[in-house]
Amino acid sequence: MLKFIELEIKRKDALLIQNFNRELNEGELVILTGVNGSGKSTLLKTMVGLLPTQTGDIQIKQRSLKAYSATERSHTIAYVNSKKIEESHIRIIDLVRLGRYPYLKVHRETVNIEFDISSILQALGIEAIQNKFLNEVSDGEMQKATIARALVQDTPILVMDEPTAFLDYPSKKILFQLLKTMAIEKNKIIICATHDVELASRYGTQFWHLENRVISLSDKSMAWTSF
Amino acid sequence: MVFLLVILILIDTFCIPSFINPFNDTVFSETILASIRFPKVFTALAAGTALSASGLMLQQLFKNPLAGPYVLGVSSGASLAVGMVIVGGASISFLNSIYIQSIGIALAGFIGAFGILLLALLVSYRFGYSYLLLLFGVVVGQILGAFQTLIDYIANPTDLKQLALWNMGSFNNTIDWSLYTLILFVVIGIVWSFTLMKPLSIMILGNDVAYTLGVKTKQVSLQILMCTGLLAGVVTAFCGPIAFIGMAVPNVARMLYRTANFKKLLLLNILIGASMALVCDILGNLPIFNFHLPINVSAALIGGPIVLLILLKRKY
C-alpha cells in the first residue's frame with residue numbers, strides 16, 4: 001500500500017538516504033531508529049508531503065504522493081511531531097477535535113463534530129483532563145493530546161516523529177501497546193521514529209534502522225543490540 | 001457586549017463633546033450630526049474593528065502576543081510618507097488647498113503603509129513567518145523613524161505641528177469620500193479575515209502539522225499579511241498611526257474568552273476593539289473638561305490601565 005521507489009533524501013546538499021526501496025502493507029507498526037542527525041525526521045517529513053521528493057517516488061495505493069490534493073493527503077496520512085504547542089487559551093478537548101478538520105464542511109466548526117473522541121482520550125488516559133487549558137497541563141499530557149489529535153484524524157497511515165519524548169515510562173508502554181493494537185486491529189500503517197529502542201522493540205512489527213544513508217531491516221533482537 | 005457597544009455609539013453620537021437633543025431637530029443640530037458626529041463615530045468603529053482584527057491575526061500568525069500591525073513597520077512607513085507630503089508639499093503652491101492636501105495625506109499614508117507591507121511580504125519569502133520578520137519590521141521602523149526625525153528637524157513650525165497632530169491620531173479627519181473609502185476597505189478586510197479564521201485556528205498545532213491536516217499554510221500566512229496590511233494601512237492613512245488598540249485588544253479578548261472557535265473570538269475581538277475606540281474618543285473629549293485629547297493619548301491613558309487591570313486580575 002505504501003511504497004518507496006528509489007527514494008533519495010537530501011538535506012541542503014548532504015545526501016541522507018540513498019536508493020531506498022521498500023513496500024509496506026496494512027497492519028504494520030514500523031519502529032524507525034537512528035542517531036541524531038541521521039535523517040529520520042527528514043524522511044518522515046518527506047513521507048507526509050512536507051518536503052518534496054526530489055529523486056525517486058513515494059506511492060500510496062499505486063498513486064504518487066505528489067498527485068494527492070491537500071484534502072486527499074489529509075484523509076490518508078496523519079503526522080505527529082514532538083514540537084510543543086505555543087498556545088494557552090485552548091482546552092485539551094478542543095485541541096484534539098482539530099484533528100477532524102479535514103472532514104469538515106465549509107460552514108461547520110471543529111467544536112461541533114460527531115466522532116468517537118472519548119474512547120481515544122480514554123485509551124491515552126487524558127479523559128479526566130480534557131477540559132483543562134493547555135497551560136494547566138504538563139508537557140507529557142500535552143503530547144498525549146497531540147497524539148490523540150492525530151488518531152482522531154482517522155487515517156490509514158500514521159507518521160510519528162518521536163511521540164514519546166515527553167512521556168513517562170508507563171505512558172510510553174501504554175502508547176506503544178495502543179499503536180500496535182491500532183495497526184493490527186484497524187489495519188493501519190504506523191511509522192514511529194523513536195529513541196526508546198528497547199521498549200519499542202517489544203511492540204513493533206518491523207524495525208528500520210537508518211545508518212550511513214541506508215535503512216536496514218532488522219528483526220527484534222537486532223534493533224537494540226545495534227546500539 | 002453588543003449592548004455596551006450600542007450604548008457607547010449613542011453616547012458618542014449625541015453627547016460628545018457636547019449634548020445634542022436628537023428629538024429637537026433644528027437645522028443646526030442636524031448639520032452637526034450629519035457632518036461631524038456620524039463621520040466621527042463611524043470612523044472610530046471602523047478603526048477599532050480593523051486594528052483589533054489585524055492585531056489578532058498577526059498575534060496568532062507569529063504566535064507572539066506582542067505582535068501588531070505596527071510592529072511590522074506599517075505605521076513608520078505611513079508616517080514618513082505623510083511627513084514628506086506635509087513638509088515637501090507645502091512648498092508646491094497648487095498643493096496648498098486643504099482639500100487636495102487631505103487627499104495627498106491619505107494617499108501618502110496608504111502608499112507608505114503598503115510600501116512597507118510589500119517589503120515585509122518580500123522578506124517573508126526569505127524568513128518565513130518567524131520572529132525574524134517581526135525583528136525586520138522593528139529595525140525598518142527604526143530606520144524610517146530616523147528619516148522621520150530628520151524631516152521634523154528641517155520642517156518649519158507650522159508643518160511640524162501638522163505632522164505632530166497627524167501622528168497623534170484622530171477620528172475627526174474623515175469627510176464624505178474618505179469615510180466611504182475607509183468603510184469600504186474595512187468591510188472587505190473584515191469579511192476576508194473571517195474566511196481566514198478556521199485555517200488559522202488549525203495553525204495552533206504548528207505549521208507542519210496544520211499542513212498535514214490540509215491547511216495551505218503558506219497561502220494562509222500570505223493572505224493574513226495582505227489582509228492586515230489592508231486594514232491597518234487604510235486606518236493609518238485616514239486616522240494616523242494608532243498603535244495601542246491593535247496590540248492590546250486581542251490580548252483582552254483572549255483572556256475574556258478562551259476558545260478554539262476563532263470566528264467567535266474574532267467577533268468578540270471586533271466588538272471590544274470598536275468599543276475601545278469609542279471609549280477612548282468619549283473619555284478624551286468629555287464635555288466637562290475644556291480640552292480634547294488626541295486619540296493616541298487617550299488610548300494609552302485610558303486603555304493602558306484597563307489592560308493592566310485585566311492582566312493583574314486574571315486567574316491563570
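## Exercises on two sheets and an interface

Helix H1 (residues 40-47) of chain A lies across S1, S2 and S4 of chain A, and runs at about 130° to S1(A). Helices (H or I, at least four residues) and strands (E, at least two) are DSSP runs, numbered from the N terminus. Angles run from 0 to 180 degrees between N-to-C directions, with axes as lines fitted to C-alpha atoms, for helices over the stretch in contact. Contact means heavy atoms within 4.5 Å.

This is a predicted model: local features need pLDDT of at least 70, side-chain atom pairs count only at pLDDT 80 or more, and totals for chains, interfaces and linings use all residues. Residues are numbered from 1 along each chain as its sequence is written, chains are lettered from A and ligands numbered from 1 in the order in which they are written, and side-chain values use heavy atoms, without hydrogens and water.

**Exercise 1. Find the order of the open sheet of four strands in chain A.**

Solution.
- Start with the rule: two strands pair if DSSP finds at least two bridges between them.
- Take S1(A) and S2(A): they pair in the antiparallel sense over seven bridges. Leu7(A) stands opposite Phe20(A) in S2(A).
- Look at the link: S1(A) and S2(A) form a hairpin with two residues between them. Lys12(A), in the turn, has a positive phi of about 50°.
- Now pair strand S1 (residues 2-11) of chain A with strand S4 (residues 55-60) of chain A: five bridges, antiparallel. In S4(A), Phe4(A) has Ile58(A) as its bridge partner, and Ile5(A) has Asp57(A).
- Read off the order: S2-S1-S4-S5 in chain A, with antiparallel pairing.
- Check the edges: strand S2 (14-24) and strand S5 (63-64) of chain A each have a single partner strand, so one side of each has no neighbour in the sheet.

**Exercise 2. Describe the six-strand open sheet of chain A: its order and pairing.**

Solution.
- Write the order: S6-S7-S8-S3-S9-S10 of chain A, with mixed pairing.
- Mark the edges: S6 and strand S10 (214-218) of chain A have a single partner strand each, so one side of each is left without a neighbour.
- Add the twist: neighbouring strands are turned by 20° against each other on average, direction ignored.
- Pick a parallel pair: strand S3 (residues 28-33) and strand S9 (residues 206-211) of chain A share four bridges. In S9(A), Gln206(A) is the bridge partner of Val30(A).
- Place H1(A): this helix packs on the sheet and touches S3, S6, strand S7 (157-161), strand S8 (189-193), S9 and S10 of chain A. Its direction makes about 150° with that of S7(A).
- Place helix H6 (residues 169-185) of chain A: it lies across S3, S7 and S8 of chain A, at about 135° to S3(A).

**Exercise 3. How many residues of chain A are in contact with chain B, and how many salt bridges cross the interface?**

Solution.
- Count contacts: 35 residues of chain A touch 24 residues of chain B.
- Count salt bridges (a side-chain nitrogen of Lys or Arg within 4 Å of a carboxyl oxygen of Asp or Glu): there are two across the interface.
- Inspect one: Lys83(A) meets Asp208(B), with 3.8 Å from N to O.
- Locate the contributors: helix H2 (70-76), strand S6 (77-80) and helix H3 (92-97) of chain A each supply at least two residues of the side that touches chain B. The largest share, three residues, comes from H2(A).
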